[in-house]
Amino acid sequence: MAKIVLENLGHSYLSNPKGEHDFALKPVNLTWEDGKTYALLGPSGCGKTTMLNIISGLVPPSHGRLLFDDQDVTSVPTSARNIAQVFQFPVIYSTKTVRQNLAFPLECRGMTPSKIKQRVAEVATLLDLDYALDMPARKLSADQKQLISLGRGLVREDVSAILLDEPLTVIDPQMKFMLRRKLREINRQTGMTMILVTHDQSEAMSFADEIVVMKDGLVQQSGTPEELFSQPQNDFVGYFIGSPPMNMITLEPNLGSLSTEAINLTKPLPAAMPVGNNVSIYQMGIRPEHIVMVDKESDSIGKGTIIKIEHLGVDGVVTLKLPTGVIIKAKTRKHTEMTLGDTFGIRVCKKNALLYIDGTLSSSLN
Ligand SMILES: Nc1ncnc2c1ncn2[C@@H]1O[C@H](COP(=O)(O)OP(=O)(O)OP(=O)(O)O)[C@@H](O)[C@H]1O
Ligand SMILES: [Mg+2]
């Protein structure tokens, strides 16, 4: 096991980068604590695999240092890093049995046959693969094959961390759920640090102790699922975390205050903000979960007409159009009692309403 530190770590695949935009991973400082589960989350091409491959040693970084337990491993080869990596598609020997697949990494390290037998049995039990040990690997389903890939990493007792690069992509949704739970269980039992790459926010939220959100090679925010949900540091995190995304409502800076025509909200300008500044964009960020639809207009801050109702099982997502044309989404459990065209009063819980200036979190609107 190891604590992993990224110190001003960045990478450009170009030999002569001209500027920030030439970096697949813009220099970042991050610490991955020993024994926790992490998710690297972001859209395609944002640099997730690049970061993972730098940690495993497959890609030597062009900038900065990588430390395992305070030791500089930036130039240490992959084979000496004790990292297990699981890829999008299972990497297994399909002609070998499950047992032979699991034993192979240990045979390569010259472990004794009796010790190999013991480790393979332990890992097979951990992964619920005991019954399949003597089956040819090719006969197993996609999720079982991914378990073997994982097992080939787990059998080694010297593993510092397990890196998983979209390992659930090839698996159907029900199996995905079970495999994700299995991964968490293995983390609890073995205490191994796990870093899961995904572009699925719900997968990241349900798997990780901490999530690192990336966009265009830049780490946008790193924190617990709760922190990313309740305090998104910018509009991208507000959009990418949560389903549906955070509502962003434009606010107009007037003399000494911020207000919006969309809803009846007037707030004193935060002290540091210049009055009459028409360059910056001011927005209120509010989660659909924090919008309450009420019958009485009198104790609400605006009204909206329902233009769409989506059923998500217990919850529903209701889209409201305000008289100004602004669209707001609200999450509710009363959606089954609602009809298109109904008008409701809108209330927001002020402590959950956040002020964004030019897309960056400034303060609460409370
Ligand atoms: N070997 C390479 N040589 C040159 N450019 C590369 C190489 N690998 C990746 N890139 C570029 O670096 C950027 C980041 O790629 P990366 O594969 O790290 O993204 P990702 O977040 O893993 O994407 P995905 O979700 O599609 O797997 C992309 O612009 C990609 O085209
Ligand atoms: Mg990738």
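Two residues are in contact if their C-beta atoms, placed from the backbone, lie within 7 Å. This notion of contact serves throughout the following account, which concerns a predicted model.

The description may begin with the protein chain as a whole. Its secondary structure comes to eight helices and 21 strands. Along the principal axes, the C-alpha atoms of the chain fill a box of roughly 75 × 50 × 30 Å. Of the 366 residues in the chain, 37% are buried. Contacts also show how the chain is folded: among those between residues at least 6 apart in sequence, 65% join residues at least 24 apart.

The domain assignment divides the chain into domain 1, residues 4-240, and domain 2, residues 247-364. The centres of domain 1 and domain 2, taken over C-alpha atoms, are separated by 39 Å. Six residues from domain 1 and six residues from domain 2 take part in the contact. On the side of domain 1 that touches domain 2, one residue is nonpolar, four are polar and one is charged. A cis peptide bond joins S243 and P244, with omega at about -5°. P244 belongs to the loop between α8 (235-240) and β11 (247-254).

Attention now turns to helix α5, which comprises residues 173-190. This helix has 18 residues and reaches 26 Å from its first C-alpha to its last, close to the 26 Å expected at 1.5 Å a residue. Which residues of α5 are buried? They include L179, L183 and I186. These buried residues lie on the same side of α5, because they cover an arc of only 65° around the axis. The general geometry of helices is relevant here: an α-helix has 3.6 residues a turn, so residues three or four places apart point the same way. On the other side of α5, the exposed residues are P173, Q174, M178, R181, E185, R188 and Q189. The cover over the buried residues of α5 includes α3 (113-126), α4 (142-154), β8 (193-198) and α6 (201-207). After α5 comes G191, whose phi is positive, near 70°.

Strand β8, one of the elements that cover α5, contains M194. Is M194 buried or exposed? With 25 C-beta neighbours inside 10 Å, M194 counts as buried, because 20 or more such neighbours are required. Leaving aside residues up to four places away in sequence, M194 touches T37, Y38, I162, L164, L183 and N187. One of these, L183, is also a buried residue of α5. M194 and P90 are 104 residues apart along the chain, and their C-alpha atoms are separated by 17 Å.

Helix α2, formed by residues 98-108, offers a second example of buried positions in a helix. In α2, the residues V98, N101, L102, A103 and L106 are buried. The cover over the buried residues of α2 includes α3 and α4, two helices that also take part in covering α5. A glycine with positive phi again follows the helix: after α2 comes G110, with phi near 75°.

Positive phi values are also found in residues other than glycine. N82, with phi near 55°, is one of them. N82 is found in the loop between β5 (71-72) and β6 (83-86). With 17 other C-beta atoms within 10 Å, N82 is partly exposed. E166 is another such residue, with phi near 50°. E166 is found in the loop between β7 (161-165) and α5. Unlike N82, which is partly exposed, E166 is buried, with 20 other C-beta atoms within 10 Å.

Helix α1, residues 48-56, contains I54. I54 counts as buried, because it has 23 C-beta neighbours inside 10 Å. Apart from residues up to four places away in sequence, I54 touches L9, H11, V59, P61 and L66. I54 and V348 are 294 residues apart in sequence and 44 Å apart in space, C-alpha to C-alpha.

The account closes with ligand 1. Which residues are around ligand 1? They are Y13, A24, G42, S44, G45, C46, G47, K48, T49, T50 and H199. By class, the residues of this shell divide into three nonpolar, seven polar and one charged.

Technical notes:
Residues are numbered from 1 along each chain as its sequence is written. Chains are lettered from A and ligands numbered from 1 in the order in which they are written. This is a predicted model: local features need pLDDT of at least 70, side-chain atom pairs count only at pLDDT 80 or more; totals for chains, interfaces and linings use all residues. A residue is near a molecule or strand if its C-beta atom, placed from the backbone, lies within 6 Å of it. Ala, Val, Leu, Ile, Met, Phe, Trp, Tyr, Cys and Pro count as nonpolar, Asp, Glu, Lys and Arg as charged, and the others, Gly among them, as polar. Helices (H or I, at least four residues) and strands (E, at least two) are DSSP runs, numbered from the N terminus. The expected span of a helix is 1.5 Å times one less than its number of residues. A residue is buried if 20 or more other C-beta atoms lie within 10 Å of its own, exposed if 12 or fewer, and partly exposed in between; C-beta atoms are placed from the backbone. The arc is that of the directions from the helix axis to the C-beta atoms. Domain bounds come from an automatic or database domain assignment.
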